[in-house]
Amino acid sequence: MIAEVIVQSNVKNLNRIFDYKIPSEYDGREAELIGARVSIPFGRMKSLEEGFIVNIKEDTEYEVKEIARVEEKYLDKNKLDLSNWMSKRYFCNLADCFKLMLPPGTTSKLPQNRVKTKNLNFVSLKKDIDEIEKDIDSGKLKSPKQIRTLKFLIENGDSLVSDIEMFAESSRAIVNTLCKNGYTEIIEKKMERDPFESKNIEPTQKLELNAEQENAYNVICNSMEDLLFSEFLIFGVTGSGKTEIYLQLIEKALNEEKSSILLVPEISLTPQTVNRFIARFGKDKIAVLHSKLSVGERYDQWHKINDGKAKIIIGARSAIFAPVKNLGIIIIDEEHDSSYKSEMYPRYNAKEVARYIARQKNIPLVLGSATPDLETFYRAKNDDIVLLELKKRANDAVLPKIDIVDLREELAKGNKSMISTRLYEEIEKNLQEKKQTILYLNRRGFSTFVMCRNCGYTVKCKNCNINLTYHSNTNKLKCHYCGYEEKLVTVCPNCGSKQIRYFGTGTQKLEYEINKIFPNASTIRLDVDTVTKKNSHEQILEKFKNENIDILIGTQMVVKGHHFPNVTLVGVIAADGSLNIDDFRANEKTFQILTQVAGRAGRDKETGRVIIQTYNPDNFSIECAKKHDYNLFYNTEIRMRKQLKYPPFCDIILIGLTSNKEKEVIKISEDIHNYLKNRVLKENIGIILYKAVPSPIDRIKNKYRWRILIKCKFSDDIISLINDTIDKYYSLNSKNVRITIDLNPENMMSL
Ligand code: ADP
Ligand code: ZN
Ligand code: ZN
C-alpha cells in the first residue's frame, strides 16, 4: 500500500502530496496510519525528513521510496479536514496547519518523562530572524545542531537551556557557541509561575442565576442536549454575569464527561481569570495554554489535555487547537478582541476555526461580549447567531456616568495641560475620599514626536518610516516598531537650528505631570515599558489593588478584565488616538475601548464616574459610548459600512509585499496588480481591485512595504485567483521580495 505524505516544510512548492511505500509490518492496518507523523528519506537530503500521512491508496504511478519510521499519531480525520480547510482559506501550507496541532516544541523524537528544572537562564535570539535565516540559507552556518537550536528558538521564543537540550537535541556548549558568535544571548527571566501556583483559592459555589442569565443558560443547554451545532452571542454589559454563565455551562459539560474550551484574549489571561475557574472546579481538571508559558510548560499542559486529564481548557487564540477529548462546548469571551486573529503566518482567525470545529463536532459555540464585533452582531441580526441579551449588571451595580470634556474649549480657556479642569476636580475629589483612579492613554513614552520649529523636520527612525518617541527614563529617542534607539537631538540635523521641540504625549509624561499636579498622590504605571522581566503585568495590577495606590496610569493593558472595587473614577486622556488611524474599524475600536475602559469604574456599590477628554466630542462613537448605547452605535456604523462596502458586506484580502530593495518591491507589486487586473477584466470576476500602493507604514526595519487591497466575496473562485497570483509571483523574478496574503485582517496597518 502507498501513503500520501505531506512533507514538513513551509516552502510553497513542497505544499503537495508525495507518495511513499508503507513498511510491510503495517500490512492490513494501513488505514490506522492516516494522520501519523513519519520520518522519510527525501530528495537528496542525507538526514530523514519529517512528514505526515494524509491518505492511503492502493498504488502509485511513480517509483517511490519507503517510509523509514512511523512516529506517533496526533492528527485524526477531523484535524486533517480542519487543516485542509485552513490551508485553503488562509493560503498557507498544510504542514504549517498541522504544526499548530502538535505538542509544543515538537521537532524530533519526544522524550517521555520530562524533568522539570529550576534554571532561570533563558536563551534569547540576538540577531534578526531574517539575518539568521540568511546565514542558514547561504551556508554561513553549517552545524546542524546550531541550526536546529536557532530554528527552535525562532519557533518557540525565549527558551530554557534545558528545553533546548530536550526538544532540539542540542547542548549547552552549542548555545555557548551561538552566544559567542552573536546569534543568541542569555537573559535572566523570571520563570513564569506554574499556572496553578496560587495557594489558597477559596472554593466557590455556583450562584443562583438571575432571570436573564437563566434564560441564556437554558437556551444553550438545550442546544447542547440536541447534539447540534449552533452559535450564540451573549451580549451583556460589563459585569452582567457572563462569566458565571460560562462557569455553569462548563459544569454542565463536565457532568456529562465532556470537555470545554474557553478562549480569552491573551492580555486578560491572568491568574485572576484562571483562579475563578480553579475556585469552582479545582486545578486538576484545568489546563492553561498561552504564550507566556515556557515551551516545557506548554508541553506539560498539552499532554495533560491529550491524556484526557484536563477537561477544561483555558487559553489564548492557539488553544483552539488543543488536543481535547470529547469536546462539549466552545466559549469565546470578549469575542470582539482583535487578538483572535493571528497576524503571523498562518494568519488564521480563531473564531472561524472555532466555528469549523463546533460544526464538525455538533456542539454549541458561545461568543460573549459587552461590545460585540460589528460583524458578529450583524450575523446575529440576520439570524445566523442566536442573540442572548443581559441588560443589567448582575450585582446590581449601576453603569458608570460618563461625561465628555471638549479639549478645544479647554485650550481656548488657556489650559494647555493634559488634564482638563473637570478631570482635575474629579481626581482631587477621589484623592480626598481615598478612592482609586485609573487614567488611560493609548500612547507610551514621553513625547511622541520631535520636531524642529524652524524647518518642520521631524526625527524619524533610520530603519522605519516612523517618528521616534522620546523616553525620559533612558533619555533616548526610541522606535516602537524596531526598537532602534538614539541619543536626544538638540540641534536640527536639517537646518542647524536649536529650536527642537517635543510634541505629543505618552504615559511617561502623563505620570510626570500627575506627580507634579498632585505631589501627594501615589501613582503606578502600566505599559510595555514598565512590564519588564521583574514586574509582570499581573504584579503591577496586584500592587495597585493591594497597596491601594491612588492612581493607575496605563495603555490598553489597564482595560481588560480586572475588577477593582475601590476604583470609582476613570479618565480617558485623549479619546482621539484610535479615531485618527487609517482603518475602517477606527470608530468601532474607539467605541469598544471607551466602553471597556469605562467598565472599570464603579463595579461595586458606588456609582463610577468616567471623564472622556477629546477633540472630537461630536464623533458618534464617543457619543454612543457616553450613552452606553451599543444599538445606536451599531445602526450608525453598519449603515456606513454598507455604503462604503466594508465588512460584513464584503471580504477583504490584503496582499502585502516587502523587500529591502525598493525598486524591486514596486516592480513586483505593479506586475502582480497588472496580472490581477487582466484576469478580472478578461474573466469578468466580481471583485474590487485597488492599485498597488505603499503601505500606511511604508518602511519598517529597512524593508519597503507595498500592498494591494481587494474587496470581494470569498469563494472557491477567489481561492483559485489568489493561488494563481501566488504562482505568478513565483514566476516573476521575485527572490528579494516577500509576499504575504491576509484574509480579513483585523488591523489594516499590519500589511
Ligand atoms: P461579566 O463576565 O459579564 O463581566 P461576571 O460574571 O464577572 O460578569 O459578574 C460580575 C459580578 O457579578 C461578579 O462579582 C459575579 O460574582 C457577580 N454575579 C454574577 N452572577 C451573579 C448572580 N446570579 N447573582 C449574584 N451575583 C452574581
Ligand atoms: Zn530644522
Ligand atoms: Zn524603527
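Which residue does Lys-401 form a salt bridge with, and how far apart are the closest N and O atoms? The partner is Asp-403, and the closest N and O atoms sit 3.3 Å apart. That pair belongs to a network, joined by salt bridges that share partners, made up of Lys-401, Asp-403, Arg-422, Glu-426, Arg-609 and Lys-626. Keep in mind that this is a predicted model. Below is a quick run through its zinc sites, its cysteines and some of its salt bridges.

**Zinc ion (ligand 3)**

- Four cysteine sulfurs hold this one: the SG atoms of Cys-461, Cys-464, Cys-479 and Cys-482 are the protein donors, lying 2.2 to 2.4 Å from the zinc ion (ligand 3).
- The geometry comes out tetrahedral, with angles of 103 to 114° among the four donor atoms.
- For scale, the ideal angle for four tetrahedral donors is 109.5 degrees.
- Along the chain, the donors of the zinc ion (ligand 3) follow the spacing C-x2-C-x14-C-x2-C.
- As for burial, Cys-461 has 3% relative accessibility and counts as buried; Cys-464 is buried too, at 1%, and Cys-479 is buried at 2%.

**Zinc ion (ligand 2)**

- Here the coordinating atoms are the SG atoms of Cys-452, Cys-455, Cys-492 and Cys-495, at 2.3 to 2.4 Å.
- This site is tetrahedral as well, and its four donor atoms make angles of 106 to 112°.
- The sequence spacing of the donors of the zinc ion (ligand 2) reads C-x2-C-x36-C-x2-C.
- Cys-452 is buried, with a relative accessible area of 0%, whereas Cys-455 counts as partly exposed at 35%.

**Cysteines and disulfides**

- How many disulfides are there? The count comes to zero.
- Take Cys-97, which is in no disulfide: the nearest cysteine sulfur belongs to Cys-92 and is 3.6 Å away.
- The cut-off for a disulfide is a sulfur pair within 2.5 Å, so that distance does not qualify.
- Cys-97 is also buried, with a relative accessible area of 0%.

**Salt bridges**

- A search of the whole structure turns up 46 salt bridges.
- One of these pairs Lys-77 with Asp-81 through their side chains, at 2.8 Å from N to O. Both residues are in helix α1 (residues 77–89), and because they are four residues apart there, about one helical turn separates them.
- On the accessibility side, Lys-77 counts as exposed at 59%, while Asp-81 is partly exposed at 25%.
- Another brings together the side chains of Arg-738 and Glu-133, at 3.8 Å from N to O. This pair links distant parts of the chain: Arg-738 is in strand β31 (residues 738–743) and Glu-133 is in helix α3 (residues 129–137), 605 residues apart.
- Is this pair's arginine, Arg-738, buried or exposed? Neither, as Arg-738 is partly exposed with a relative accessible area of 49%. Glu-133 is partly exposed as well, at 30%.
- Back at the opening pair, Asp-403 has 16% relative accessibility and counts as buried.

Definitions and conventions. Residues are numbered from 1 along each chain as its sequence is written. Chains are lettered from A and ligands numbered from 1 in the order in which they are written. This is a predicted model: local features need pLDDT of at least 70, side-chain atom pairs count only at pLDDT 80 or more; totals for chains, interfaces and linings use all residues. Side-chain values use heavy atoms; hydrogens and water are left out. Buried means under 20% relative accessible area, exposed over 50%, partly exposed in between (1.4 Å probe, protein chains only). Donors are N, O and S atoms within 2.8 Å of the metal (3.2 Å for Na, K and Ca); water is not among the atoms, so sites may look incomplete. Four donors count as tetrahedral if all angles lie between 85 and 135 degrees; four count as square planar and six as octahedral if opposite donors are over 155 degrees apart and all others between 65 and 115; anything else is irregular. A salt bridge is a side-chain nitrogen of Lys or Arg within 4 Å of a carboxyl oxygen of Asp or Glu. Helices (H or I, at least four residues) and strands (E, at least two) are DSSP runs, numbered from the N terminus.
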